Amino acid sequence: MRQAGRSLPEYRALRGTGSILDAIANPEIACEVTMQPVRRYGVDAAILFSDIVVPYHAIGFGVDVVPGRGPVIAQPFTHAGDLDRLRDLTDADIAHVTATVDLVVEQLAETNTPLIGFAGAPFTVASYLVEGAPTREFAVIKAMMHAQPALFAQLLDRLVDITISFLRAQVQHGAQALQLFDSWAGCLTRAEYERFVLPATQRVLAGVADLDVPTILFGVGTGELLTLMRNAGSSVLGIDWHVDLDEGRRRAQKPIQGNLDPARCLAGVELGVAAAREVLQAAGGDAGYIFNLGHGVLPSTDPDVMKAIVDVVHDEGKAGVK
Ligand code: 1CP
């Protein structure tokens with residue numbers, strides 16, 4: 001999740017006011033930001049400080065990440081000619097990312113904490129490239145999907161290749177798990193997901209299968225899609241709070257990660273901890289369960305609430321849930 005970033009004062013102090021892409025381009029800063037939540041909270045894994053648009057910025061697609069808004073594309077993807085702007089990713093393109101992974105892995109070794117590398121799944125990345133900016137409707141990408149299915153498929157094909165290269169590089173430099181964020185897949189019907197999106201996601205996960213690291217596939221509001229997503233090939237499915245944990249697990253038929261509503265972390269330590277306990281209760285003694293929020297930490301979250309939640313998860317984990 002976009003976790004450390006938005007709530008920690010030490011993050012804001014370090015990052016300043018420029019584009020997040022400048023912070024990501026600097027391995028010392030990106031390493032430090034990755035480490036901040038690990039030090040403060042003692043979480044069981046770190047997630048790399050990067051973003052799903054980083055590889056596309058790296059190949060010069062013309063991406064910026066606007067503070068308070070998110071990824072914005074100067075010239076969105078509109079026609080077949082734009083496929084040429086999505087060339088293969090080379091090691092040199094992402095040397096800053098792999099340098100960060102090197103630094104982080106070295107620091108995490110001291111506490112035996114694994115690093116989760118990540119990428120955006122093809123559909124979610126395509127939604128930014130085609131829409132040009134964050135959207136709630138996904139109208140332009142859905143129109144392309146239906147009106148120009150061949151172009152849409154070619155676009156996703158290009159994104160599959162780039163995503164596989166990006167994920168493989170992170171593992172080659174020491175990431176011990178991978179998360180694939182299909183954050184916005186929940187805007188699709190089951191039929192749309194199955195026909196237009198699932199095959200590309202399957203190809204990404206098949207393209208990293210030989211690396212033998214656990215993979216987590218996550219999306220927001222994907223409760224209705226879980227019985228399809230479980231066929232994508234990930235080891236774990238991430239779920240948000242829209243679907244009850246029990247029901248999510250029944251649909252996923254594999255280990256699940258989630259699903260505390262980040263809004264419930266805004267109600268103070270006591271209520272935040274109570275909300276985390278509800279999730280743990282729902283998880284029961286499931287040995288494969290991974291506690292997480294259902295989406296990123298909200299910017300106004302009090303770090304003391306997060307710390308109390310991590311502590312209660314660890315305490316209860318000793319009693320059987322881990
Ligand atoms: O926070 C961390 O240290 C983790 C690193 C991280 C991750 C895993 C960032 C940094 N971004 C992401 C993934 C990401 N980026 C996703 C998938 C996960 C999710 O759904 O939250 C998505 C959809 C994005 C795209 C993005 N980047 C948005 C969403 C915009 C929208 O459509 O609503 C935003 C706001 C960003 C900027 C961003 N990236 C990361 C952070 C900490 C931020 C926040 C602002 C900043 O500090 O500039």
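## A quick tour: core, helix α13 and salt bridges

Start with F77: skipping neighbours within four places in sequence, F77 is in contact with F61, D82, L83, L86, L129, V130, M144, L151 and L155. Keep in mind that this is a predicted model. F77 is also among the residues with the most contacts inside the largest nonpolar core, which has 111 residues.

**The core**
- Along with F77, the residues with the most contacts in this core are Y56, L86, L129, Y193, L260 and F291.
- Helix α9 (residues 149–172) gives the most to this core, with 12 residues.

**Helix α13**
- How far apart are the end C-alpha atoms of helix α13? They are 21 Å apart, which agrees with the 21 Å that its 15 residues (269–283) should span at 1.5 Å a residue.
- In α13, the buried residues are G272, V273, A275, A276, V279, L280 and A283.
- These buried residues cover an arc of only 155° around the axis, so they sit on the same side of α13.
- Flip to the other side of α13 and you'll find E270, L271 and Q281 exposed.
- Right after α13 comes G284, whose phi is positive, near 60°.

**N259, a buried polar side chain**
- N259 lies in strand β8 (residues 256–260), and is buried because its relative accessible area is 8%, under the 20% cut-off.
- Its side chain reaches the backbone oxygen of V243 at 2.9 Å, and a polar atom of the N259 side chain lies 3.3 Å from the backbone oxygen of D240.
- Leaving out neighbours within four places in sequence, the contacts of N259 include W241, L245, Y289 and V279; V279 is one of the buried residues of α13.

**Salt bridges**
- Side chains of opposite charge can pair when their charged atoms come close.
- How many salt bridges does a search of the whole structure find? There are 16.
- R158 and D161 form one, at 3.0 Å from N to O; they are 3 residues apart in helix α9, so about one helical turn separates them.
- In that pair, R158 is buried at 17% relative accessible area, while D161 is partly exposed at 36%.
- E316 and R277 form another, with their closest N and O atoms 3.1 Å apart.
- E316 is in helix α14 (residues 303–318) and R277 in helix α13, so this pair ties together parts that are 39 residues apart in sequence.
- R39 pairs with E32, with 3.0 Å between the closest N and O atoms; R39 is partly exposed at 48%, and E32 is partly exposed at 25%.
- E224, E247, R250 and R251 are linked in a network of salt bridges.

How values were computed. Residues numbered from 1 in each chain as written. Predicted model: local features only at pLDDT ≥ 70, side-chain atom pairs only at ≥ 80, totals over all residues. Heavy atoms only, no water. Helix = DSSP H or I, 4+ residues; strand = E, 2+ residues; numbered from the N terminus. Expected span 1.5 Å × (residues − 1). Buried < 20%, exposed > 50% of the residue type's maximum accessible area, 1.4 Å probe, protein only. Arc of directions from axis to C-beta. Core = buried A, V, L, I, M, F, W, Y, C linked by side-chain atoms within 4.5 Å. Contact = heavy atoms within 4.5 Å. Polar contact = N/O pair within 3.5 Å; in protein donor to acceptor, adjacent residues only side chain to side chain. Salt bridge = Lys/Arg side-chain N within 4 Å of Asp/Glu carboxyl O.
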